[in-house]
Amino acid sequence: MQNTEVKSKRPRKVCDICKSARPAIKRPKTGQMVCKECFYYVFEEEIHQTIIQGNLFKENERVAIGASGGKDSTVLAYVMNLLNKRHNYKLDLVLLSIDEGITGYRDDSLETVKRNARQYNLPLKIVSYKELYGWSMDEIVKEAGNKNNCTFCGVLRRQALDRGAVMLGSKHILTGHNADDIAETVLMNILRGDVPRLQRCTFITTGNDSMIKRSKPFKYTYEKEIVMYAHYKKLDYFSTECIYAPNAFRGNARVFLKDLEKVRSTAIMDIINSGESYENKSNNNIPSNKICERCGYMSSNKICKACVLLEGLNKGLPSLGIKKSKKARSNPKVVKDGESKEIKVKNFQELTKEENCQMEYEVENPNSGNNSQNEKLVSSVNTMKRKLQNID
């Protein structure tokens, strides 16, 4: 008889969590090999734990989700809608989008947001720079040039979100800032020597002392896992980068962070933890909250940054408020009578909820289909819990 070698079979790989299903994903955050169902569950429940530990919400609170159509805000809207039903947060969720007026970018991404509103059955409000300030970002870039685009956009966008929230009768905004974003911000503030912002940038909630509160449920969620979740869930999101983003300082911090992550896989969480543990014992650099004398928005100076930037644009001095020098440019724009773009920005302190606020999308039959959807949701969650309870 011819001896035949019996080849030993390699042990079958199984999910590190449920110990039964075949693994499909290696989690960047923990290194675990998990199946899709377990990945979905732990991804969602980690966000839930972040929400609970941060005590982010109150019952019956109206919460505006900042929606841009990108992966972060799309996953945020999907997961918050899911967790609101699963854990009965009793939140009134609405989508709030800002139209900066960037041709070929924002107009396309807003179409994605409109589809998301219909898919998740959430009301949507869109507020534009042109409507609020009389300027679109394309016009600002044409006037100011390609530098400092993100300074203009960031300042105006922050105030636009707050104004949109007030129109909706909301005092709480959720943003899709993830762990990578926060780590990048820590690095940027260190490189700029910005001590006051270094203290605040890792807070999960900001604005408690002002009219509008902001929260970041994705504070400990890796960007890679957000992308994986959106991909495997087949969520509808817009993936094109802003056409003005390549000039941003944040891009340099992002490249540096990715290089660090290649050498040290825990770099993102290490940087966030360092930022959280930072304590400035001197209060000299902490700005006090004031109210802008022109528009009534929160500011650390008599005139807020947005009003200074808009004044510069309207006067043909786009560098006003950015550079220390307040001299006019070599060829200042001559504004003729009747051609001024300047509009009167409504006083923020006088804003109230618009009873007949014009919405881009209104929820139709909010209760239709909810019972059957909730039953399926509860059933799937209970099944996953039983699987996890059977783990030795």
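Here is a short walk through two pairs of packed helices, a small set of cavities and one annotated stretch of this predicted model.

Let us begin with how helices meet. Two packed helices are described by the angle between their axes and the distance between the axes. Take helix 1, which covers residues 36-54, and helix 2: their axes come within 11 Å and cross at roughly 75 degrees. Angles of 65 to 115 degrees count as roughly perpendicular, so helix 1 is roughly perpendicular to helix 2. If you want to find the meeting place, look in helix 1 for Tyr41, Phe43, Glu44, Glu45, Ile47, His48 and Ile51. Facing them from helix 2 are Val75, Val79, Met80, Leu82, Leu83 and Arg86. Sorted by class, the residues of this contact are nine nonpolar, one polar and three charged.

Now move along the chain to helix 7 (residues 179-192) and helix 10 (residues 250-263). Here the axes come within 9 Å, with a crossing angle of roughly 110 degrees. Helix 7 and helix 10 are therefore also roughly perpendicular to each other. Helix 7 brings Asp180, Asp181, Ala183, Glu184, Thr185, Leu187 and Met188 to the contact, while helix 10 brings Arg250, Ala253, Arg254, Phe256, Leu257 and Lys258. What classes of residue make up the contact of helix 7 with helix 10? There are six nonpolar, one polar and six charged residues.

Next, let us look for empty space. Rolling a probe the size of a water molecule over the atoms shows where empty space is left. In this structure there are two cavities of 30 Å³ or more, and the second largest has a volume of about 40 Å³. Its lining consists of Ala67, Gly69, Ser73, Thr74, Ala77, Leu95, Val113 and Asn116. Helix 2 (71-86), which you have already met, and helix 3 (106-120) each supply at least two residues of that lining. The largest share, three residues, comes from helix 2. By class, the lining holds four nonpolar and four polar residues, but no charged ones.

Finally, visit residues 292-320. An unreviewed UniProt entry places the feature "domain: Cytoplasmic tRNA 2-thiolation protein 1 C-terminal" there. Over residues 292-320 the chain is 34% helix and 7% strand, and the C-alpha atoms at the two ends are 17 Å apart.

Methods:
Residues are numbered from 1 along each chain as its sequence is written. This is a predicted model: local features need pLDDT of at least 70, side-chain atom pairs count only at pLDDT 80 or more; totals for chains, interfaces and linings use all residues. Side-chain values use heavy atoms; hydrogens and water are left out. On a 1 Å grid over the protein atoms alone, a cavity is a set of points where a 1.4 Å probe fits but cannot get out, and a pocket is an open set with protein on both sides within 12 Å along at least five of seven lines; lining residues have an atom within 4 Å of a point. Grid points are joined across faces, edges and corners, and a volume is the space filled by probe spheres set on the points. Helices (H or I, at least four residues) and strands (E, at least two) are DSSP runs, numbered from the N terminus. Ala, Val, Leu, Ile, Met, Phe, Trp, Tyr, Cys and Pro count as nonpolar, Asp, Glu, Lys and Arg as charged, and the others, Gly among them, as polar. UniProt positions are given in the numbering used here, feature names are shortened, and annotations may be inferred rather than shown by experiment. Axes are lines fitted to C-alpha atoms, for helices over the stretch in contact, and angles run from 0 to 180 degrees between N-to-C directions. Angles under 35 degrees count as roughly parallel, over 145 as roughly antiparallel, 65 to 115 as roughly perpendicular and the rest as oblique. Contact means heavy atoms within 4.5 Å.
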